[in-house]
Amino acid sequence: MRLEGKTALVTGAGTGIGAAIARRLIADGARVCLVGRRQSALAHTLQELPDGKAITHDADVSDADAVAGAVRTAVEFGDGRLDIVVNNAGIGPVGTIEDCDLAEWDQALAVNLTGPMLVTRAAIPHLRRGGGAVVNISSVAGRRAFPSLAAYCVSKAGLIMLTQQAAVDFGADGIRFNAVCPGWIRTPMSEQDMQAVIEIHGGDVDSAFALVSRDTPLQRVADPSEIAAVVAFLASDDASFVSGEVMAADGGSTLLDVSTLAFYDRAAALT
Ligand code: NAD
């Protein structure tokens, strides 16, 4: 119960990784304000959580007024305190810089980059009272370019620098900022992404996940709970001297240079 007595705000908490983070923070003792666009998804997550440990607030993270309202709800729920913010909400429109729709580009930056800035900015006055922690969910795509995913990669790379910039600017206030870069995690978003793999290679969602993880060190995709565990660590006092860190949780996938794949068969033949 290392988060006993703490209050957290988690964005995009109605599904996937965000819902898993909410579950894990509560299991570790925190109270959680679940924030997201869709009330129905938030309500679905809420109903499986223990009574009194969570509350929902529907807000679009790219809307500054809506975000301020969500932070107010979290602080009231926490009896005046907010200790942890997890910026998890995200979207991933497809396209190169030549062919992506400009409105989708703007939207990706608004949700994936400006959203975390707005949520964090509204939360800082509360976080600095007790030495708070912010965890931003970036992506391996924030560190490695991904074919035809320009807005997503650029916004997630920006989120890494937002994390480090804030770690510098608010370290003296005792607030820690860290980023997590997940690899493939099985969620509604990644299942949707697998449709492109299926179009190229055939098969189904399971075989697509097997294919995208085949050449990675751990050779599998992950469950959202595996990202939630990393977030719970970074949000807790166990990580009291960790700030500005960009932590991969990707089964080792970003360790590899693509040119090394040409050596895989030889390595297998030698063993
Ligand atoms: P998901 O689509 O299940 O969850 C994203 C959540 O964000 C949804 O509940 C959605 O309603 C919410 N959301 C979207 N736009 C919003 C907005 N404007 N305001 C408030 N909420 C909004 O996807 P997920 O896979 O659970 O993704 C969670 C985070 O993890 C995202 O930031 C994503 O980029 C990141 N990520 C996911 C993977 C993966 O493989 N699933 C890998 C790397 C990073």
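In the predicted model, the shell around the ligand draws at least three residues from each of domain 1 (7-185 + 223-252) and domain 2 (187-221). By class, this shell is made up of 13 nonpolar, 11 polar and four charged residues. Of the 28 residues around the ligand, those that come nearest are Thr15, Asn88, Tyr152, Lys156 and Thr187.

Polar contacts to the ligand involve both side-chain and backbone atoms of the protein. A polar side-chain atom of Thr187 is placed 2.5 Å from an oxygen atom of the ligand, and a polar side-chain atom of Lys156 lies 2.8 Å from a ligand oxygen atom. At Val61, a polar backbone atom is found 3.0 Å from a nitrogen atom of the ligand. The ligand taken alone exposes 820 Å², and the protein buries 95% of that area. Two or more residues of the shell are given by each of the elements α1 (16-27), α5 (150-170) and α6 (188-201); the largest share, three residues, comes from α6.

The relation between the domains was examined next. The C-alpha centres of domain 1 and domain 2 are 25 Å apart, and 14 residues of domain 1 are in contact with 12 residues of domain 2. About 930 Å² is buried between domain 1 and domain 2, with carbon and sulfur atoms giving 65% of this area. On the domain 1 side, the residues that lose the most area to domain 2 are Trp184, Ile185 and Gly251, which together account for 57% of what that side buries.

How values were computed
Residues are numbered from 1 along each chain as its sequence is written. This is a predicted model: local features need pLDDT of at least 70, side-chain atom pairs count only at pLDDT 80 or more; totals for chains, interfaces and linings use all residues. Side-chain values use heavy atoms; hydrogens and water are left out. A residue is near a molecule or strand if one of its heavy atoms lies within 4 Å of it. A polar contact is a pair of N or O atoms within 3.5 Å; within protein, one must be able to donate a hydrogen and the other to accept it, and residues adjacent in sequence count only if both atoms are side-chain atoms. Accessible areas come from the Shrake-Rupley method with a 1.4 Å probe; for residues, only the protein chains shown count as cover. Helices (H or I, at least four residues) and strands (E, at least two) are DSSP runs, numbered from the N terminus. Ala, Val, Leu, Ile, Met, Phe, Trp, Tyr, Cys and Pro count as nonpolar, Asp, Glu, Lys and Arg as charged, and the others, Gly among them, as polar. Domain bounds come from an automatic or database domain assignment. Contact means heavy atoms within 4.5 Å. Buried area is the accessible area (1.4 Å probe) that two parts lose on being put together, summed over both.
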